[in-house]
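User: Please explain the terms applied to this model, setting each value against its definition.

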Amino acid sequence: MPASAHQNIVLIGFMGSGKSSIGRLIAGRLGFQFVDTDAVVVERAGMDIPKVFARHGEAHFRKLETAVLESMAMRDRCVISTGGGVIVRPGNRTLLRRLGFVVWLTASEEVIYQRVSRNKRRPLLQTENPRETVAKLLESREPAYAETAQFRLDTTVMSRAAAADVVIAEARRAFSWQGPA
Ligand code: S3P
C-alpha cells in the first residue's frame with residue numbers, strides 16, 4: 001500500500017537515473033500532470049540551478065526544494081520527478097512518502113557516470129574527479145533512497161518505455177487500480 005492517500009507517482013533517484021524522461025512518459029500514458037521539482041525551483045528562484053548554487057549555496061537550494069515539496073501536498077494525479085539530492089534532508093523523506101507512491105530509479109555507476117558526463121549543468125559534479133564524486137555520493141545516499149522508496153527499479157539495461165511500463169504496473173498494484181491498462 002502507498003504511504004499516502006494521494007495518487008501521485010513520485011520518482012526519486014540519483015542524477016542520470018532517468019527520472020525526468022521516464023516520468024514524462026508515465027505522465028503522458030496515464031494522463032497525469034508531470035511536475036519536475038528542479039524546474040519549479042528554477043521558476044521560483046528566477047535563475048537556473050548552477051546560479052542558485054553559485055550565488056546562494058547548496059543549503060539555500062535545499063530550502064527551496066523542500067518548499068516545492070510542501071507546496072505539492074494537496075496535488076493529486078501527478079508524476080513528480082525530483083532532484084537527486086532530495087532525500088538528503090530527513091524531513092523531505094517524510095514529505096515524499098506523503099505525496100504518493102515513491103519509486104526509486106537506479107542504474108549502474110558506470111551508466112550513471114556516462115549519462116551525467118554528457119552535460120555540465122550539475123553543480124555538485126563540477127569537481128576535479130567527477131567519477132569519484134559520483135561513486136561517493138551514490139554510496140552515501142543509497143540508504144536514504146532505500147528508506148524512502150516503496151519500489152526500486154534498475155534502469156541500467158531497460159528502455160525508457162519499458163521502465164515506464166513497469167512503474168505504471170506497480171502503481172496500479174499500489175493504488176489498487178482496476179480496469180484496462
Ligand atoms: C542534485 C541533482 C539535480 C539538481 C541539483 C542537485 C543532487 O537534479 O537537483 O543539481 O544533489 O543530486 P537531477 O537529479 O535531476 O540531476
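The exchange below concerns the ligand site and an aromatic pair.

Analyst: This is a predicted model, in which local features need pLDDT of at least 70, side-chain atom pairs count only at pLDDT 80 or more, and totals for chains, interfaces and linings use all residues. Residues are numbered from 1 along each chain as its sequence is written, and side-chain values use heavy atoms, with hydrogens and water left out.

User: What makes the approach of Lys19 to the ligand a polar contact?

Analyst: A polar contact is a pair of N or O atoms within 3.5 Å. A polar side-chain atom of Lys19 lies 2.5 Å from a ligand oxygen, so the pair meets that limit. For Asp38 the corresponding distance to a ligand oxygen is 2.7 Å, and for an N or O atom in the Arg62 side chain it is 2.6 Å. The protein covers 96% of the 390 Å² of accessible area that the ligand has on its own (Shrake-Rupley method, 1.4 Å probe).

User: Why is the pair of Trp104 and Tyr145 called stacked?

Analyst: Ring centres must lie within 6.5 Å to pair, and planes under 30 degrees apart count as stacked. Trp104 and Tyr145 are 5.6 Å centre to centre with 20° between the planes, so both conditions are met. The structure holds 5 aromatic pairs.

User: What does the pair of Trp104 and Tyr145 tie together?

Analyst: Trp104 lies in strand β4 (residues 101-106) and Tyr145 in helix α7 (residues 130-148), so the pair links parts 41 residues apart in sequence. Strands (E, at least two residues) and helices (H or I, at least four) are DSSP runs, numbered from the N terminus.

Notes. Polar contact = N/O pair within 3.5 Å; in protein donor to acceptor, adjacent residues only side chain to side chain. Phe/Tyr/Trp six-rings, centres within 6.5 Å; stacked < 30°, edge-to-face > 60°.
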